[in-house]
Amino acid sequence: MHAQDLGGLTEELRHVERCRAGLSRMLDAARGNVIIGETVAGDRYSAERLGRHLKSLAKELSEEPEGPPFFGRLTFAPAGSTAGSTAGSTAGSTAGSTAGSTAGSAAASAEHAGRTYYIGRRHIPGEHGGPPVVIDWRAPVARSFYRASARDPQGVAVRRRFGWSGTTLTSYEDERLGRGEERRSRLLAAEIERPRVGPMRDIVATIQPEQDDLVRAGLDDSIAVQGAPGTGKTAVGLHRAAYLLYAHRQRLQRGGVLVLGPNRAFLGYIAAVLPALGEVDVEQTTLDGLIASVPVQARDGERAAAVKHDARMAGVLRRALYGRIARPVEPVTVAEGSSRWRVGEDELRRIVDDTRRDALPYGIGRERVRARVVALMRRQAEARGHSTNAAWERRTGRALGPWLDGIWPAVRAEQVVHEVLSGRWTTAGSALSDAEWAAVVWERPARTYKSAKWSAADLVLIDEVAGMLERPRGYGHVIVDEAQDLSPMQCRAVARRAEHGSLTVLGDLAQGTTPWAARSWPELMAALGRPEARVVELTTGYRVPAAVVELANRLLPALDAGVPTTRSYRSDGRLRITRVPGVEQGVVAAAREALELEGSVGVIAADADAERLKAALWDAGLDVGGRLSVVPVTLVKGLEYDHVVLAEPAAIAEAEERGLNRLYVALTRAVSRLDVVHTRPLPPELEGPAAGAGTGPRESFSTAGSV
Ligand SMILES: Nc1ncnc2c1ncn2[C@@H]1O[C@H](COP(=O)(O)OP(=O)(O)OP(=O)(O)O)[C@@H](O)[C@H]1O
């Protein structure tokens with residue numbers, strides 16, 4: 001690695017100027033095109049569409065936060081030089097993705113021989129139609145920025161990384177890959193170890209090769225990613241969304257990309273990443289938000305929730321819906337003046353049976369039956385010399401309404417679920433036991449579905465029936481974060497929306513906290529309708545320092561999740577475990593100390609303790625809500641803080657069935673420091689080998705610690 005010389009930096013600063021000029025040209029052109037676009041398009045429709053597109057481009061450009069225009073530079077070796085040679089290299093794609101082959105990189109290097117490219121968050125065109133001054137990080141050539149190594153330089157002679165302070169270029173460092181030089185980048189380490197302030201940031205400048213493999217996997221590839229806390233699963237998912245929209249914009253235009261996160265706090269945390277990458281049209285929501293059809297006004301007991309989330313409920317609901325279809329036992333007639341059109345019961349039975357066999361959505365099936373009966377009547381009418389047309393068909397179809405209501409009734413999803421939960425459907429022959437039925441059936445059912453009070457699990461049931469009535473909106477690609485927590489019924493809700501698309505499923509079996517959390521990836525992927533999906537493991541952690549990882553890993557045997565242990569990229573950071581006489585005072589002292597340092601501070605406590613601790617921090621004059629947050633442990637999944645003060649682990653562990661998994665989540669939120677404050681003994685599963693002995697991470701244990 002070479003420190004930059006002053007002349008080099010001056011030259012790079014000139015390139016920054018070229019980028020600024022390019023950006024302002026882009027903005028002027030976009031603004032100008034809005035006016036031209038509105039007048040040049042051939043017809044008004046195209047003019048409107050083009051105008052709208054250009055306006056949003058102009059708006060996007062003008063609103064984009066002014067960030068560094070580039071973060072990297074690739075200089076390819078001149079043709080015929082040895083740097084481009086990859087002969088004998090065995091490096092390839094570990095995740096089995098398409099690029100990265102020796103032959104592929106050799107071809108790429110020939111194409112780019114002798115050229116230099118700057119890589120940034122967005123493409124910036126050059127002057128007078130010349131070569132771009134910055135290439136989008138998602139462009140094929142940019143892949144070498146992330147993948148080239150001394151072992152497989154892919155034709156890259158020099159990879160340069162830039163250091164910025166805000167929007168000022170301050171430094172760069174080079175790796176002369178062509179000369180076999182490759183070392184741990186200082187800029188990379190600084191980025192990974194930087195204090196976290198505010199919402200999550202993009203990682204485009206520092207995506208790692210194993211992450212890049214996932215980000216750039218093909219659109220038809222459904223992938224499951226198992227990764228320990230902080231391995232970058234969320235980051236990978238969001239960058240994959242941005243990549244797919246770039247590489248497959250046409251194909252994704254109709255369906256779009258959906259990102260599902262565990263809760264609102266998490267969504268708030270990640271909200272800025274995709275817009276910073278220039279992608280504003282990705283829908284980001286929770287599963288509850290996606291399926292919300294009616295307000296949640298009730299809570300289920302544990303037993304009821306467990307049964308409602310079980311995949312067998314789908315069969316119960318299917319029976320309840322299709323069980324209302326009746327067998328025609330008499331003919332149907334429609335009178336028109338003095339004529340009568342008649343379809344006999346045998347014919348009707350055939351129509352109903354055929355339609356059922358076609359496995360159409362229930363609502364479409366109903367219309368299919370109507371249309372087929374109308375078609376038979378039309379034939380009769382025409383045979384008798386009547387003239388028929390579309391209006392005639394509509395009239396006859398309407399006249400069949402009362403008959404159709406008796407045979408294939410129109411119904412609302414809530415109505416079906418209301419009937420099932422009111423115990424109106426026979427339990428005989430159903431997949432549920434009597435005890436399970438007893439758990440789900442309401443003690444005092446509401447009189448109608450309109451006055452029913454629904455629980456969160458009921459909404460999943462309603463969504464299931466709605467999906468049988470009509471196909472829901474489908475997405476081209478769905479990214480599911482914290483997927484280990486999905487129930488089989490929730491998985492079905494996701495699968496329905498990705499039926500014609502693909503999935504990126506991110507999770508960690510060790511962080512499963514719901515009663516139905518997945519125990520195995522193949523099972524989870526089967527529930528999501530992708531049993532064949534490959535499972536990829538991410539094993540390097542970028543958030544949690546090694547000392548903290550070591551403590552959290554002590555829980556893994558008890559969690560029995562069968563996940564691989566991870567290696568922390570970070571050797572910095574600190575862990576302190578302190579037994580205190582009172583939790584409030586201990587937390588206040590630890591928070592006060594953390595606030596002296598840079599970065600965010602998160603106090604994590606059992607849900608029942610969070611309010612009390614917040615009050616104690618207020619009373620002590622600490623400003624909760626600024627840099628300091630108090631987070632109930634059930635909401636902390638997916639979040640991170642520079643300094644975590646973890647209050648009373650025993651209370652977290654015993655608060656729920658999967659309390660130890662919850663504690664594992666809480667222990668792995670710290671970016672720099674973890675302060676465990678407790679009055680009661682720690683859960684025995686946390687007690688590891690004696691602290692203080694030996695060197696390395698354990699030295700960071702406080703002597704006041706109790707482990
Ligand atoms: N290649 C990288 N470069 C810089 N920072 C990274 C990189 N990969 C991950 N990070 C950072 O590490 C932190 C953890 O990443 P992320 O939240 O995506 O992990 P995760 O696997 O989803 O964790 P969890 O399972 O705890 O939710 C984030 O701050 C993220 O920006």
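The exercises below, each with a worked solution, concern a predicted model.

**Exercise 1. The shell around the ligand**

Determine how many residues surround the ligand, which helices contribute to the shell, and how its residues divide by class.

Solution.
- Step 1. Count the residues: 22 surround the ligand. The closest are Thr 206, Pro 229, Gly 232, Lys 233 and Thr 234.
- Step 2. Assign residues to helices. Helix 5 (186-193) and helix 7 (233-247) each supply at least two residues of the shell. The largest share comes from helix 7, with three residues.
- Step 3. Sort by class. The shell around the ligand holds eleven polar, six nonpolar and five charged residues.

**Exercise 2. The six-stranded sheet**

Give the strand order of the open sheet of six strands, and state which strands stand at its edges.

Solution.
- Step 1. Read off the order: 9-8-14-15-7-16, with parallel pairing.
- Step 2. Find the edges. Strand 9 (283-286) and strand 16 (534-538) each have a single partner strand, so one side of each has no neighbour in the sheet.
- Step 3. Add the twist, which averages 20 degrees from one strand to the next.
- Step 4. Take one pair in detail. Strand 8 (residues 257-261) runs parallel to strand 14 (residues 477-480), and four bridges join the two. Within this pair, Leu 260 is opposite Val 480 of strand 14.

**Exercise 3. The five-stranded sheet and helix 25**

Work out the order and edges of the open sheet of five strands, then place helix 25 relative to its strands.

Solution.
- Step 1. The order is 19-23-22-20-21, and the pairing is parallel.
- Step 2. The edge strands are strand 19 (574-579) and strand 21 (628-632); each pairs with a single strand, so one of its sides is left without a neighbour in the sheet.
- Step 3. Neighbouring strands of this sheet are turned against each other by 20 degrees on average, direction ignored.
- Step 4. Look at the edge pair. Strand 19 and strand 23 (residues 670-678) run parallel and are joined by six bridges. Arg 574 faces Arg 673 of strand 23 as its opposite residue.
- Step 5. Place the helix. Helix 25 (residues 583-595) lies across strand 19, strand 20 (601-605), strand 21, strand 22 (641-647) and strand 23. Its angle to strand 22 is about 170 degrees.

**Exercise 4. Helix 20 and helix 13**

Describe how helix 13 packs on helix 20: angle, axis separation, handedness and contact residues.

Solution.
- Step 1. Helix 13 (residues 312-322) and helix 20 (residues 456-469) pack at an angle of about 50 degrees, and their axes are 10 Å apart.
- Step 2. The two helices are therefore oblique to each other.
- Step 3. Their crossing is right-handed.
- Step 4. Helix 13 makes the contact through Met 313, Ala 314, Leu 317, Arg 318 and Leu 321, and helix 20 through Leu 461, Glu 464, Val 465 and Met 468.
- Step 5. By class, this contact has seven nonpolar, no polar and two charged residues.

**Exercise 5. Helix 20 and helix 18**

Carry out the corresponding analysis for helix 18 and helix 20.

Solution.
- Step 1. Helix 18 (residues 413-421) packs with helix 20 at an angle of about 125 degrees, with axes 8 Å apart.
- Step 2. This pair is therefore oblique.
- Step 3. Helix 18 passes helix 20 in a right-handed crossing.
- Step 4. Ala 413, Glu 414, Val 416 and Val 417 of helix 18 meet Asp 458, Leu 461, Ile 462, Val 465, Ala 466 and Leu 469 of helix 20.
- Step 5. The contact consists of eight nonpolar, no polar and two charged residues.

**Exercise 6. Helix 20 and helix 21**

Find the crossing geometry of helix 20 and helix 21 and classify the residues in their contact.

Solution.
- Step 1. Helix 20 and helix 21 (residues 488-497) pack at about 40 degrees, their axes 10 Å apart.
- Step 2. Helix 20 and helix 21 are therefore oblique to each other.
- Step 3. The crossing is left-handed.
- Step 4. Helix 20 brings Val 460, Asp 463, Glu 464 and Gly 467 to the contact, where they meet Met 489, Gln 490, Arg 492, Ala 493 and Arg 496 of helix 21.
- Step 5. The class count is three nonpolar, two polar and four charged residues.

Conventions: Residues numbered from 1 in each chain as written. Predicted model: local features only at pLDDT ≥ 70, side-chain atom pairs only at ≥ 80, totals over all residues. Near = placed C-beta within 6 Å. Nonpolar A, V, L, I, M, F, W, Y, C, P; charged D, E, K, R; others polar. Pairing = 2+ DSSP bridges. Axes fitted to C-alpha atoms, helices over the stretch in contact; angles between N-to-C directions. Contact = placed C-beta atoms within 7 Å. Parallel < 35°, antiparallel > 145°, perpendicular 65-115°, else oblique. Left-handed = near helix turned anticlockwise from the far one by under 90°.
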